[in-house]
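Biologist: I am new to this structure and would like to go through it slowly, one question at a time. Could we have the sequence and the model in front of us before we begin?

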Amino acid sequence: MERDIPIITDEGLAYIIDYIRKNNVKKILEIGTAYGYSAICFSLENTVVDTFERDPERIVEAKKWVKTFNANVTIYDEDALLYEGLTDKYDLIFIDAAKSQYQKFFEKFKHNLNTDSAIICDNISFHQLKIEDVKNRNTKALLRKLEAFKTFLIENKDFDSIILPEVGDGLSVSKKK
């Protein structure tokens, strides 16, 4: 909070940890590490977490925290969209990176899901902002992309998706059919 680095809300984290427990999740791919807070919390649930972060300063900080907590977390210091060769399969993919790129992340990594697994995306409600109430052009564009992404999820025939706008800053849960 001191450095204004956004991390998952307590409510969003609690929802995902409950999901991990109920679905016996053992391996997670996270897109967007920041300082490693959610990855560390997920790993405390007896899971293995692989996570992507492209910001060099955040990577250094995240590695420090992962070591401090002796967490079962591997940090890929790469841009997830540019990374090639990830062949591992995961029980859960958690996307919490560049909101405007959510659909690209989803499309790229959906093939890394195990059967009966899910992709959860954070910040789907983006601070409950409404396009018509926003003056900033960039924020309006981001909100439009998030709306298009939500439509993509609901209309996607390979996944059953639900949008949980009131959980934390909004979550989507897309279960692979």
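Biologist: Which residue in β5 is the bridge partner of Leu 92?

Modeller: This is a predicted model, in which local features need pLDDT of at least 70 and side-chain atom pairs count only at pLDDT 80 or more, while totals for chains, interfaces and linings use all residues. Residues are numbered from 1 along each chain as its sequence is written, and side-chain values use heavy atoms, with hydrogens and water left out. Helices (H or I, at least four residues) and strands (E, at least two) are DSSP runs numbered from the N terminus, and two strands pair if DSSP finds at least two bridges between them. Strands β4 (residues 90-95) and β5 run parallel and are joined by 5 bridges, and within β5 the partner of Leu 92 is Ala 118.

Biologist: Is the crossover from β4 to β5 right-handed or left-handed?

Modeller: A crossover is right-handed if, with the strands pointing away from the viewer, the path from the first strand over the helix to the second runs clockwise. Here the chain leaves β4, passes through helix α4 (residues 102-109) and arrives at β5, and this β-α-β crossover is right-handed.

Biologist: In β7, which residue is the bridge partner of Ile 119?

Modeller: β5 also pairs with strand β7 (residues 171-176), in the antiparallel sense and over 5 bridges. In that pairing, the bridge partner of Ile 119 is Ser 174.

Biologist: How many of the 10 residues of β5 are buried?

Modeller: Buried means under 20% relative accessible area, exposed over 50%, and partly exposed in between, for a 1.4 Å probe and protein chains only. By that rule β5 (residues 113-122) is mostly covered, and the number of its 10 residues that are buried is 7.

Biologist: Within what arc do the buried residues of α4 fall?

Modeller: The buried residues in α4 are Tyr 102, Phe 105, Phe 106 and Phe 109. Their arc, taken from the directions from the helix axis to the C-beta atoms, is narrow enough that they line one face of the helix, because seen down the axis of α4 they fall within 100 degrees.

Biologist: How far apart, centre to centre, are the rings of Phe 52 and Tyr 76?

Modeller: Rings of Phe, Tyr and Trp (its six-membered ring) pair if their centres lie within 6.5 Å, and planes under 30 degrees apart count as stacked, over 60 as edge-to-face and the rest as tilted. The whole structure holds 11 aromatic pairs. Phe 52 and Tyr 76 form a stacked one, with 20 degrees between the planes and a centre-to-centre distance of 4.9 Å.

Biologist: How many residues apart are Phe 52 and Tyr 76?

Modeller: Phe 52 and Tyr 76 are both buried. The pair links distant parts of the chain, Phe 52 in strand β2 (residues 48-52) and Tyr 76 in strand β3 (residues 73-76), and their separation is 24 residues.

Biologist: Which element gives the largest share of the largest nonpolar core?

Modeller: A nonpolar core is a set of buried Ala, Val, Leu, Ile, Met, Phe, Trp, Tyr and Cys residues joined through side-chain atoms within 4.5 Å. The largest one has 28 residues, and those with the most contacts inside it are Ile 31, Phe 52, Ile 95 and Phe 109. Two or more residues come from each of β1, β4, α4, β5 and α5. The largest share, 6 residues, comes from α5.
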